[in-house]
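The following exercises concern a single protein chain. Each one sets a task and then works through its solution step by step.

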Amino acid sequence: MAGLEETAPTAVSAGGGVVRDNALALLGDPSLHEVQFRNRPESCGLARRLAAAVLHGQWRLPVGVTDDGVLLVSELVGNAVRHTGAHHFSLRMFRRRGWVRVEIRDPSRGLPCLLPVRELDTSGRGLWLVEHLADRWGVDLLPRGKTTWFEIRVADH
(Lines give C-alpha, C1' and ligand atoms only; values in the text may rest on other atoms or scores of the structure.)
Protein backbone atom coordinates (compact mmCIF):
# COMPACT_ATOMS: atom_id res chain seq x y z
CA MET A 1 0.00 0.00 0.00
CA ALA A 2 1.40 3.40 -0.98
CA GLY A 3 1.87 6.03 1.71
CA LEU A 4 0.47 9.53 1.47
CA GLU A 5 3.86 10.81 0.35
CA GLU A 6 3.67 8.58 -2.71
CA THR A 7 0.03 9.22 -3.59
CA ALA A 8 0.03 13.02 -3.46
CA PRO A 9 0.99 14.40 -6.90
CA THR A 10 3.29 17.40 -7.10
CA ALA A 11 1.65 20.73 -7.86
CA VAL A 12 3.00 24.26 -7.49
CA SER A 13 6.13 25.57 -5.84
CA ALA A 14 5.61 27.92 -2.90
CA GLY A 15 8.69 29.66 -1.60
CA GLY A 16 11.05 26.94 -2.72
CA GLY A 17 8.94 24.13 -1.25
CA VAL A 18 6.69 21.80 -3.17
CA VAL A 19 3.00 21.90 -2.29
CA ARG A 20 0.95 18.80 -2.96
CA ASP A 21 -2.22 19.75 -4.78
CA ASN A 22 -4.38 17.24 -2.99
CA ALA A 23 -2.71 17.16 0.44
CA LEU A 24 -5.71 18.97 1.92
CA ALA A 25 -8.09 16.44 0.39
CA LEU A 26 -6.01 13.47 1.58
CA LEU A 27 -5.18 14.66 5.08
CA GLY A 28 -7.81 17.25 5.98
CA ASP A 29 -7.82 21.01 6.23
CA PRO A 30 -6.16 22.33 9.40
CA SER A 31 -7.86 25.71 8.86
CA LEU A 32 -11.24 23.99 9.32
CA HIS A 33 -10.50 21.34 11.95
CA GLU A 34 -7.68 19.72 13.85
CA VAL A 35 -5.69 17.32 11.64
CA GLN A 36 -4.19 14.33 13.45
CA PHE A 37 -0.79 12.83 12.62
CA ARG A 38 1.00 9.73 13.83
CA ASN A 39 4.08 10.62 15.80
CA ARG A 40 6.62 9.66 13.13
CA PRO A 41 9.44 11.62 11.50
CA GLU A 42 7.72 11.52 8.09
CA SER A 43 4.73 13.35 9.57
CA CYS A 44 6.87 16.48 9.66
CA GLY A 45 6.90 16.65 5.85
CA LEU A 46 3.14 16.11 5.69
CA ALA A 47 2.52 18.87 8.24
CA ARG A 48 4.78 21.23 6.26
CA ARG A 49 2.83 20.47 3.06
CA LEU A 50 -0.48 21.17 4.75
CA ALA A 51 0.83 24.42 6.24
CA ALA A 52 2.11 25.56 2.83
CA ALA A 53 -1.16 24.58 1.17
CA VAL A 54 -3.12 26.72 3.63
CA LEU A 55 -0.73 29.68 3.97
CA HIS A 56 0.12 30.05 0.30
CA GLY A 57 -2.58 28.14 -1.54
CA GLN A 58 -5.72 29.10 0.39
CA TRP A 59 -4.82 32.29 2.20
CA ARG A 60 -2.56 33.64 -0.58
CA LEU A 61 0.02 34.94 1.88
CA PRO A 62 3.37 36.23 0.59
CA VAL A 63 6.18 33.74 0.06
CA GLY A 64 8.19 35.10 3.01
CA VAL A 65 5.30 34.61 5.43
CA THR A 66 4.64 31.16 4.00
CA ASP A 67 8.29 30.16 4.31
CA ASP A 68 8.50 31.37 7.92
CA GLY A 69 5.23 29.67 8.83
CA VAL A 70 6.25 26.37 7.24
CA LEU A 71 9.66 26.47 8.96
CA LEU A 72 8.04 27.11 12.35
CA VAL A 73 5.53 24.29 11.81
CA SER A 74 8.47 22.03 11.02
CA GLU A 75 10.26 23.03 14.23
CA LEU A 76 7.23 22.55 16.50
CA VAL A 77 6.29 19.26 14.87
CA GLY A 78 9.90 18.12 15.15
CA ASN A 79 9.79 18.88 18.88
CA ALA A 80 6.54 16.94 19.27
CA VAL A 81 7.95 13.95 17.39
CA ARG A 82 11.31 13.93 19.18
CA HIS A 83 10.43 14.88 22.73
CA THR A 84 6.88 13.93 23.70
CA GLY A 85 6.82 10.14 23.42
CA ALA A 86 3.20 10.51 22.29
CA HIS A 87 1.49 8.32 19.70
CA HIS A 88 0.02 11.28 17.87
CA PHE A 89 -0.11 15.07 17.58
CA SER A 90 -2.34 17.47 15.68
CA LEU A 91 -2.10 20.65 13.61
CA ARG A 92 -4.63 23.49 13.60
CA MET A 93 -4.37 26.83 11.78
CA PHE A 94 -6.37 30.04 12.22
CA ARG A 95 -6.50 33.34 10.42
CA ARG A 96 -7.99 36.49 11.85
CA ARG A 97 -7.56 40.07 10.83
CA GLY A 98 -3.85 40.83 10.77
CA TRP A 99 -2.72 37.50 12.26
CA VAL A 100 -2.08 33.85 11.51
CA ARG A 101 -2.03 31.39 14.41
CA VAL A 102 -0.71 27.84 14.19
CA GLU A 103 -1.17 25.28 16.95
CA ILE A 104 0.49 21.90 17.52
CA ARG A 105 -1.32 19.83 20.14
CA ASP A 106 0.10 16.71 21.79
CA PRO A 107 -0.86 14.62 24.83
CA SER A 108 2.37 15.34 26.74
CA ARG A 109 2.34 17.91 29.53
CA GLY A 110 6.13 18.31 29.31
CA LEU A 111 6.90 21.93 28.50
CA PRO A 112 9.25 22.91 25.68
CA CYS A 113 12.37 24.71 26.82
CA LEU A 114 14.00 27.64 25.03
CA LEU A 115 17.72 26.94 25.25
CA PRO A 116 20.60 29.35 24.69
CA VAL A 117 22.03 28.80 21.21
CA ARG A 118 25.65 29.17 20.21
CA GLU A 119 26.93 29.61 16.68
CA LEU A 120 28.26 26.05 16.25
CA ASP A 121 25.31 24.24 17.87
CA THR A 122 23.84 21.61 15.57
CA SER A 123 20.60 21.05 17.53
CA GLY A 124 18.39 22.89 19.98
CA ARG A 125 17.59 25.76 17.61
CA GLY A 126 13.87 25.01 17.14
CA LEU A 127 12.39 27.26 19.81
CA TRP A 128 15.12 29.82 19.16
CA LEU A 129 13.79 30.08 15.60
CA VAL A 130 10.22 30.30 16.88
CA GLU A 131 11.28 33.06 19.29
CA HIS A 132 12.94 35.04 16.49
CA LEU A 133 10.56 34.50 13.57
CA ALA A 134 7.15 34.51 15.26
CA ASP A 135 5.60 37.68 16.63
CA ARG A 136 4.19 35.74 19.58
CA TRP A 137 4.39 32.15 20.78
CA GLY A 138 3.52 30.14 23.84
CA VAL A 139 2.26 26.94 25.40
CA ASP A 140 -1.21 26.31 26.80
CA LEU A 141 -1.46 23.40 29.22
CA LEU A 142 -4.57 21.28 28.77
CA PRO A 143 -6.13 18.72 31.11
CA ARG A 144 -4.50 16.06 28.92
CA GLY A 145 -1.52 17.51 27.12
CA LYS A 146 -0.60 20.89 25.73
CA THR A 147 -0.88 23.17 22.74
CA THR A 148 2.28 24.87 21.53
CA TRP A 149 1.41 27.79 19.27
CA PHE A 150 2.86 30.71 17.35
CA GLU A 151 1.38 33.76 15.74
CA ILE A 152 2.67 35.79 12.80
CA ARG A 153 1.41 39.25 11.90
CA VAL A 154 0.20 39.48 8.30
CA ALA A 155 -0.99 42.34 6.13
CA ASP A 156 -4.64 42.10 5.20
CA HIS A 157 -5.49 42.60 1.56
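**Exercise 1. Burial and placement of two residues**

A155 lies in the segment that follows β7, where strands (E, at least two residues) and helices (H or I, at least four residues) are DSSP runs numbered from the N terminus. The model is a predicted one, in which local features need pLDDT of at least 70 and side-chain atom pairs count only at pLDDT 80 or more, while totals for chains, interfaces and linings use all residues. Residues are numbered from 1 along each chain as its sequence is written, and side-chain values use heavy atoms, with hydrogens and water left out.

Task: Determine whether A155 counts as buried or exposed.

Solution.
- Step 1. Apply the cut-offs: buried is under 20% relative accessible area, exposed is over 50%, and partly exposed is in between (1.4 Å probe, protein chains only).
- Step 2. The relative accessibility of A155 is 60%, so A155 counts as exposed.
- Step 3. For its position in space, note that A155 and V65 are 90 residues apart in sequence, with their C-alpha atoms 10.0 Å apart.
- Step 4. For contrast, take L71, which is placed in helix α4; its relative accessibility is 33%, so L71 counts as partly exposed.
- Step 5. For the chain as a whole, 45% of the 157 residues count as buried.

**Exercise 2. Helix α4 and its partner**

Task: Describe α4, and state at what angle α4 and α5 pack.

Solution.
- Step 1. Helix α4 covers residues 63-83, which makes 21 residues. From first to last C-alpha it reaches 30 Å, close to the 30 Å expected at 1.5 Å a residue (the expected span is 1.5 Å times one less than the number of residues).
- Step 2. Just after α4, G85 adopts a positive phi of about 70 degrees.
- Step 3. Helix α5 (residues 126-133) packs against α4 at an angle of about 145 degrees, and the axes are 9 Å apart. Axes are lines fitted to C-alpha atoms, for helices over the stretch in contact, and angles run from 0 to 180 degrees between N-to-C directions.
- Step 4. List the contacts (heavy atoms within 4.5 Å): D68, L71, L72, E75, L76 and N79 of α4 meet G126, L127, L129, V130 and L133 of α5.
- Step 5. Leaving aside residues up to four places away in sequence, L71 touches L129 and L133.

**Exercise 3. The sheet**

Task: In which order do the five strands of the open sheet stand?

Solution.
- Step 1. Begin with the inventory: the chain has five helices and seven strands.
- Step 2. Strands β6 (residues 136-142) and β7 (residues 145-153) pair in the antiparallel sense over seven bridges; two strands pair if DSSP finds at least two bridges between them.
- Step 3. β6 and β7 form a hairpin with two residues between them, and V139 stands opposite T148 in β7.
- Step 4. Strand β5 (residues 99-106) runs antiparallel to β7 and is joined to it by eight bridges. V100 has I152 in β7 as its bridge partner.
- Step 5. The order of the open sheet is β3-β4-β5-β7-β6, with antiparallel pairing. β3 (35-38) and β6 stand at the edges, each with a single partner strand, so one side of each is left without a neighbour in the sheet.
- Step 6. Neighbouring strands of this sheet are turned against each other by 20 degrees on average, direction ignored.
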